[in-house]
Amino acid sequence: FVDHEPVRARLREALRACPDVERALSRLSLGRGGPRDLAAVRDALALAPALRNILAGSGLDSPPEAVAVAARRLGEHSALVDKLGRALADELPLAARDGNFIRPGFHAGLDEVKVLEKEGKAVLLRL
């Protein structure tokens with residue numbers, strides 16, 4: 001990277017958009033994470049393809065296998081990124097206890113519980 005300033009600059013630019021995924025993962029693994037930590041994981045994993053593309057087209061001479069290993073270690077996370085994107089609401093609270101961080105329509109059972117919570121008395125009256 002020392003001798004390849006354009007590659008270094010592209011990686012730096014891409015990494016600037018990367019949230020602090022290590023912090024988010026440690027908070028989640030300790031059971032102290034919240035919805036915004038899940039979003040940080042989603043956003044960080046979504047950057048993997050761009051980072052892989054930068055490394056693949058880097059033309060770095062230093063051991064090519066090292067570049068290939070680095071690109072492979074970024075992994076393929078599109079399924080998880082997609083699921084978190086569909087699950088998490090646009091506006092996320094700090095803590096899960098504040099609720100409303102799952103997007104309406106993602107889980108029918110949760111949607112039903114939310115309706116009962118809001119309209120419980122009306123549902124009972126109709127019964």
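Student: Why is leucine 88 called buried in this predicted model?

Tutor: The relative accessible area of leucine 88 is 2%. Buried means under 20%, so leucine 88 counts as buried.

Student: Where is leucine 88, and what does leucine 88 touch?

Tutor: Leucine 88 is in the loop between helix 6 and helix 7. Leaving aside residues up to four places away in sequence, leucine 88 touches Pro35, Leu38, Ala39, Arg42, Phe101 and Arg103.

Student: Asparagine 100 is in the loop between helix 6 (78-87) and helix 7 (108-126). Why is asparagine 100 called exposed?

Tutor: Here the relative accessible area is 55%. The word exposed is used for values over 50%, so asparagine 100 earns that label.

Student: What is notable about the phi of asparagine 100?

Tutor: Phi is near 60° there, a positive value in a residue other than glycine. Most residues other than glycine have a negative phi.

Student: Now the helices, please. What makes helix 3 oblique to helix 6?

Tutor: The axes of helix 3 (residues 35-46) and helix 6 cross at roughly 140° and come within 9 Å. Roughly antiparallel would need an angle over 145 degrees, and roughly perpendicular covers 65 to 115. The crossing angle fits neither, so helix 3 is oblique to helix 6.

Student: Which residues make the contact?

Tutor: Helix 3 brings Leu38, Arg42, Leu45 and Ala46, while helix 6 brings Leu80, Val81, Leu84 and Gly85. By class, the contact has 6 nonpolar, 1 polar and 1 charged residues. Gly counts as polar and Arg as charged.

Notes:
Residues are numbered from 1 along each chain as its sequence is written. This is a predicted model: local features need pLDDT of at least 70, side-chain atom pairs count only at pLDDT 80 or more; totals for chains, interfaces and linings use all residues. Side-chain values use heavy atoms; hydrogens and water are left out. Helices (H or I, at least four residues) and strands (E, at least two) are DSSP runs, numbered from the N terminus. Buried means under 20% relative accessible area, exposed over 50%, partly exposed in between (1.4 Å probe, protein chains only). Axes are lines fitted to C-alpha atoms, for helices over the stretch in contact, and angles run from 0 to 180 degrees between N-to-C directions. Angles under 35 degrees count as roughly parallel, over 145 as roughly antiparallel, 65 to 115 as roughly perpendicular and the rest as oblique. Contact means heavy atoms within 4.5 Å.
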